There are 2 protein chains.
Amino acid sequence: MNKIVQCVPNFSEGIDLKKVEKIVDNFRGVEGVKLLDYSSDKDHNRTVVTIAGDPEAVKKAVIKAVETASKLIDLTKHEGQHPRMGATDVVPFIAIKNMSDEEMIKLAKEAGEAIGKLGIPVFLYEKTASAAHRENLADVRRGQFEGMAEKMKAKEWHADFGPKDAPHKTAGVTGVSYRAPLVAFNVNIDTDNLDIATAIGKKIRFLGGGLRYCKAMGVALEERKITQISMNLTDYTKTSVYSVVELIKIEARRYGVNVVGSELIGLIPMQALVDCAEYYLQIENFSIDQVLEYKIME
Amino acid sequence: MNKIVQCVPNFSEGIDLKKVEKIVDNFRGVEGVKLLDYSSDKDHNRTVVTIAGDPEAVKKAVIKAVETASKLIDLTKHEGQHPRMGATDVVPFIAIKNMSDEEMIKLAKEAGEAIGKLGIPVFLYEKTASAAHRENLADVRRGQFEGMAEKMKAKEWHADFGPKDAPHKTAGVTGVSYRAPLVAFNVNIDTDNLDIATAIGKKIRFLGGGLRYCKAMGVALEERKITQISMNLTDYTKTSVYSVVELIKIEARRYGVNVVGSELIGLIPMQALVDCAEYYLQIENFSIDQVLEYKIME
């Protein structure tokens with residue numbers, strides 16, 4: 001059985017594209033690794049890479065890329081809008097095919113250990129976190145690169161791998177995790193009243209008492225004169241895409257507005273769409289192994 | 001760009017499994033070819049093989065399998081419930097990824113030509129048919145193996161490749177086509193009255209004035225004390241899976257019955273499910289390239 005993982009490392013360089021290419025080169029022409037996408041943002045001064053493939057091959061390539069980034073990126077000179085704590089800021093691993101939770105946690109920890117051996121402290125977060133207060137990336141990253149030397153002095157913020165109580169002088173620290181794939185999904189409603197989109201967003205999201213793995217906010221689509229509930233679904237296996245759509249419809253009724261469309265941003269795992277088809281078509285006993293293309297991947 | 005085709009050759013042997021294995025061996029361990037499934041039916045005395053992969057590799061493997069079948073299967077001694085005209089009865093090619101209609105037609109014709117060179121007459125049918133009266137497989141196969149010698153004397157039933165006016169003495173003739181993938185889909189309704197399932201089936205199917213690429217019939221699920229509209233969708237890109245579900249719901253209302261479930265039999269192309277998710281979630285501007293696993297296949 002073919003095992004496939006995805007990895008979405010984030011590097012703190014989005015301006016000097018020569019450096020970016022050198023980092024990304026670690027994912028090119030590597031047996032068992034597919035470079036699916038990479039994009040750099042100047043304002044964020046950050047590059048997000050998406051790769052997928054054989055777990056061991058992906059892990060090794062990522063470790064090499066982290067090493068390259070640690071040589072090319074000097075965080076003492078880094079400015080950008082996006083919060084960051086390391087030259088390689090985060091290395092999240094995502095299960096795609098035939099990978100158990102145990103295997104994913106093992107893989108992420110092995111990657112973390114190897115990064116630690118490069119002299120870069122590693123924080124395990126999300127499903128690999130070593131304590132509850134280290135699960136949330138925002139908590140781990142709080143203080144950013146500049147605050148890490150102070151933060152890491154406290155025992156509860158000692159690193160999981162590598163130097164325990166002090167960041168790498170130029171490469172900072174790196175977060176490593178195994179997490180569920182993120183689904184970026186927006187639903188459009190036929191009103192230009194942003195208050196309504198905002199109210200619906202607040203009602204359906206976890207923070208407002210809504211669905212557990214749903215982050216949501218209202219956004220104006222000014223050209224189209226409509227508004228949007230813009231969402232991140234942080235675990236579609238538990239908070240389904242169809243659930244948020246149906247819940248938005250229920251809330252929208254209260255205002256006499258309608259769902260007029262939606263959009264999926266970037267890549268989405270096949271299972272997230274299969275779940276929706278299964279729900280609406282009322283399919284019994286369906287397995288993703290019945291999807292021809294999925295079967296071919298084996 | 002990775003090109004992928006599927007091929008579902010049907011061989012007229014379902015009892016002597018040693019022969020079946022020898023035929024299927026042509027698809028094992030072949031670079032670029034994936035053997036997805038094969039199943040033999042004793043009553044039909046027939047084996048259906050599903051393979052997928054690189055177009056050239058799939059084509060070559062199928063030609064070899066046709067040759068093996070022509071040596072092992074003697075149709076003068078073949079009995080089975082399923083209509084058949086050749087040792088290799090049909091060789092339908094299906095586009096999976098990055099294959100244009102033109103490329104598919106070329107591929108199917110090349111396979112047909114090579115089979116013809118083995119001394120086996122070939123009829124091109126469906127999207128590769130050389131005339132309108134040769135599109136429908138049932139018309140092409142009418143008369144079966146036993147009637148082919150007589151049928152092929154007429155010019156309108158001369159073969160497209162190979163010996164023009166007489167079948168192979170023991171291997172008969174082979175149909176080769178490029179066709180849309182078949183989706184076998186059944187919808188369950190909460191009544192044990194078969195007349196209702198039959199009436200709904202008749203109303204939604206092409207023959208009864210319903211959807212163009214829908215074949216349907218009523219079936220009793222006796223153990224569950226419900227009935228089912230059992231369907232073959234012969235071109236899901238035009239007659240969508242969600243269309244038949246919604247149309248069945250509309251018809252079911254007239255009888256006060258409800259859809260209580262459905263089932264997809266065998267393999268289904270990802271796009272067929274993506275189409276349903278897009279419809280029900282009202283997704284705008286979605287591309288199958290956004291499906292992670294599809295992207296990985298490139």
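**Strands, core and salt bridges in a two-chain model**

Asp37(B) is found in strand E3 (residues 33-41) of chain B; here helices (H or I, at least four residues) and strands (E, at least two) are DSSP runs, numbered from the N terminus. This is a predicted model, in which local features need pLDDT of at least 70 and side-chain atom pairs count only at pLDDT 80 or more, while totals for chains, interfaces and linings use all residues. Residues are numbered from 1 along each chain as its sequence is written, chains are lettered from A and ligands numbered from 1 in the order in which they are written, and side-chain values use heavy atoms, with hydrogens and water left out.

Back to Asp37(B): at 40% relative accessibility, Asp37(B) counts as partly exposed. On this scale, buried means under 20% relative accessible area, exposed means over 50%, and partly exposed is in between (1.4 Å probe, protein chains only). Setting aside neighbours within four places in sequence, Asp37(B) is in contact with Val48(B), Val49(B) and Thr50(B), contact meaning heavy atoms within 4.5 Å. Asp160(B) sits 123 residues from Asp37(B) along the chain, and 29 Å separate their C-alpha atoms.

Next, the two chains. A turn of 180° and a shift of 0.0 Å along the axis lay chain A on chain B with an RMSD of 0.1 Å. That is how a two-fold axis relates two copies. The superposition is by least squares on the C-alpha atoms of residues with pLDDT of at least 70 in both copies. Both copies use the same surface, as 100% of the contact residues of chain A recur in chain B. Ala277(A) is the residue of chain A that comes closest to the rotation axis, its C-alpha lying at 2.6 Å.

Then there is the sheet. In chain B, four strands make an open sheet in the order E9-E10-E8-E11, with antiparallel pairing; two strands pair if DSSP finds at least two bridges between them. Strand E9 (214-221) and strand E11 (259-265) of chain B are at the edges with a single partner strand each, so one side of each has no neighbour in the sheet. Neighbouring strands of this sheet are turned by 20° against each other on average, direction ignored, with axes taken as lines fitted to C-alpha atoms (for helices over the stretch in contact) and angles running from 0 to 180 degrees between N-to-C directions. Six bridges join strand E8 (residues 183-189) of chain B to E11(B) in the antiparallel sense. Along E8(B), Asn186(B) stands opposite Glu263(B) in E11(B).

In chain A, seven of the seven residues of strand E8 (residues 183-189) are buried, so the strand is largely enclosed by the rest of the structure. Val183(A), Phe185(A), Val187(A) and Ile189(A) point one way from E8(A), while Ala184(A), Asn186(A) and Asn188(A) point the other way. E8(A) runs antiparallel to strand E10 (residues 226-233) of chain A, joined by seven bridges, and Asn188(A) stands opposite Gln228(A) in E10(A). With strand E11 (residues 259-265) of chain A, E8(A) pairs in the antiparallel sense over six bridges; there, Ile189(A) has Val259(A) as its bridge partner.

What about the nonpolar core? The largest one has 74 residues, and those with the most contacts inside it are Met231(A) and Met231(B). A nonpolar core is a set of buried Ala, Val, Leu, Ile, Met, Phe, Trp, Tyr and Cys residues joined through side-chain atoms within 4.5 Å. Not counting residues up to four places away in sequence, Met231(B) touches a string of residues including Val183(B), Phe185(B), Ile204(B), Cys214(B), Val244(B) and Ile248(B).

Finally, the charged pairs. Over all chains, a search of the whole structure finds 36 salt bridges, each being a side-chain nitrogen of Lys or Arg within 4 Å of a carboxyl oxygen of Asp or Glu. Arg84(A) forms one with Glu146(A), the closest N and O atoms being 2.9 Å apart. Arg84(A) lies in the loop between helix H2 (55-72) and strand E5 (88-97) of chain A and Glu146(A) in helix H5 (residues 144-151) of chain A, so the pair ties together parts 62 residues apart in sequence. Arg84(A) is buried, at 4% relative accessible area, whereas Glu146(A) is exposed, at 53%. Asp235(A) and Lys238(A) also form a salt bridge, with 3.9 Å between the closest N and O atoms; Asp235(A) is buried at 5% and Lys238(A) exposed at 58%. In chain B, Glu150(B) and Lys153(B) meet at 3.3 Å, N to O, and both are exposed. Glu56(A), Lys59(A), Lys106(A) and Glu110(A) are linked in a salt-bridge network.
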